[in-house]
Amino acid sequence: MEIRVHRGQGKLQHVIEIGPHRLLTDAPAGLGGEDTGPEPHDLLAAALAACTALTVTMYAKRKGWPLDDIDVRIEHGKLEQAYVLTRRIAYIGDLSPEQRDMLTAVANKCPVHKTLSGEIRIVTEEVSP
């Protein structure tokens, strides 16, 4: 899957195209943008939250567990020399403590969590438009 980003409207807005989907990204007004979309670090945190919710929900459904809903919240920002993503998960449903523990273990194995926790390499190539 290729992701394409190109200039949108306004000072710093850009359009993110992921297959048939379109999202906006922008900078907050305090940084010269117009706040018409989330900034890139918010999108990164949202990817972790979304992957967590999807992975845990699929697992609970496969097991037939009574997970009625899941609320995933991510706080993020730089702390000393690291960028920290703090994930808080609320499981809604009549789950046993053991099921809740297992769902947290599954959350820690979601693909985005594994990607962000592993070694990441970014290869940059300049191409002609």
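**Exercise 1: getting to know E17**

E17 sits in strand 2; work out which residues E17 touches, not counting residues up to four places away in sequence.

*Solution.* A quick word on the ground rules. This is a predicted model, so local features need pLDDT of at least 70, side-chain atom pairs count only at pLDDT 80 or more, and totals for chains, interfaces and linings use all residues. Residues are numbered from 1 along each chain as its sequence is written, and side-chain values use heavy atoms, with hydrogens and water left out.

Step 1: Know what a strand is. Helices (H or I, at least four residues) and strands (E, at least two) are DSSP runs, numbered from the N terminus.

Step 2: Look for contacts, meaning heavy atoms within 4.5 Å. Beyond the residues up to four places away in sequence, E17 touches E2, I3, R4, H6 and R22.

Step 3: Try a pair further along the chain. E17 and G37 are 20 residues apart along the chain, and 14 Å separates their C-alpha atoms.

**Exercise 2: building the three-stranded sheet**

Find the order of the strands in the open sheet of three strands, and say whether the pairing is parallel or antiparallel.

*Solution.* Step 1: Recall how sheets hold together. Strands of a sheet pair through backbone hydrogen bonds, either parallel or antiparallel. Here, two strands pair if DSSP finds at least two bridges between them.

Step 2: Take strands 1 and 2. They run antiparallel and are joined by five bridges, with H6 opposite V15 in strand 2. The two strands form a hairpin with six residues between them, and G10 in that turn has a positive phi of about 90 degrees.

Step 3: Move on to strands 2 and 3. Five bridges pair them in the antiparallel sense, and V15 stands opposite L24 in strand 3. This hairpin has two residues between its strands, and G19 in the turn has a positive phi of about 55 degrees.

Step 4: Put it together. The order is 1-2-3, with antiparallel pairing. Strand 1 and strand 3 (21-25) are the edge strands, each pairing on one side only. From one strand to the next the twist averages 25 degrees; axes are lines fitted to C-alpha atoms (for helices over the stretch in contact), and angles run from 0 to 180 degrees between N-to-C directions.

**Exercise 3: the other hairpin**

Describe how strand 4 and strand 5 are joined, and say whether E80 is buried or exposed.

*Solution.* Step 1: Count the bridges. Strand 4 (residues 69-79) and strand 5 (residues 82-92) run antiparallel, with 11 bridges between them.

Step 2: Pick out some partners. D69 stands opposite I92, while L79 has A82 as its bridge partner.

Step 3: Go to the turn. The hairpin has two residues between its strands. E80 lies in the loop between strand 4 and strand 5 and has a positive phi of about 55 degrees although it is not a glycine.

Step 4: Check accessibility (buried is under 20% relative accessible area, exposed over 50%, partly exposed in between, with a 1.4 Å probe and protein chains only). E80 has a relative accessible area of 70%, so it counts as exposed.

Step 5: Meet another non-glycine with positive phi. D35 has a phi near 55 degrees and lies in the loop between strand 3 and helix 1. With a relative accessible area of 54%, D35 is exposed.

**Exercise 4: T57 in its helix**

Find out which residues T57 is in contact with, leaving aside neighbours within four places in sequence.

*Solution.* Step 1: Place the residue. T57 belongs to helix 1 (residues 40-63).

Step 2: List the contacts. They are L67 and I70.

Step 3: Add the accessibility. T57 is partly exposed because its relative accessibility is 27%.

Step 4: Look along the chain. A107 is 50 residues apart from T57, with 9.7 Å between the C-alpha atoms.
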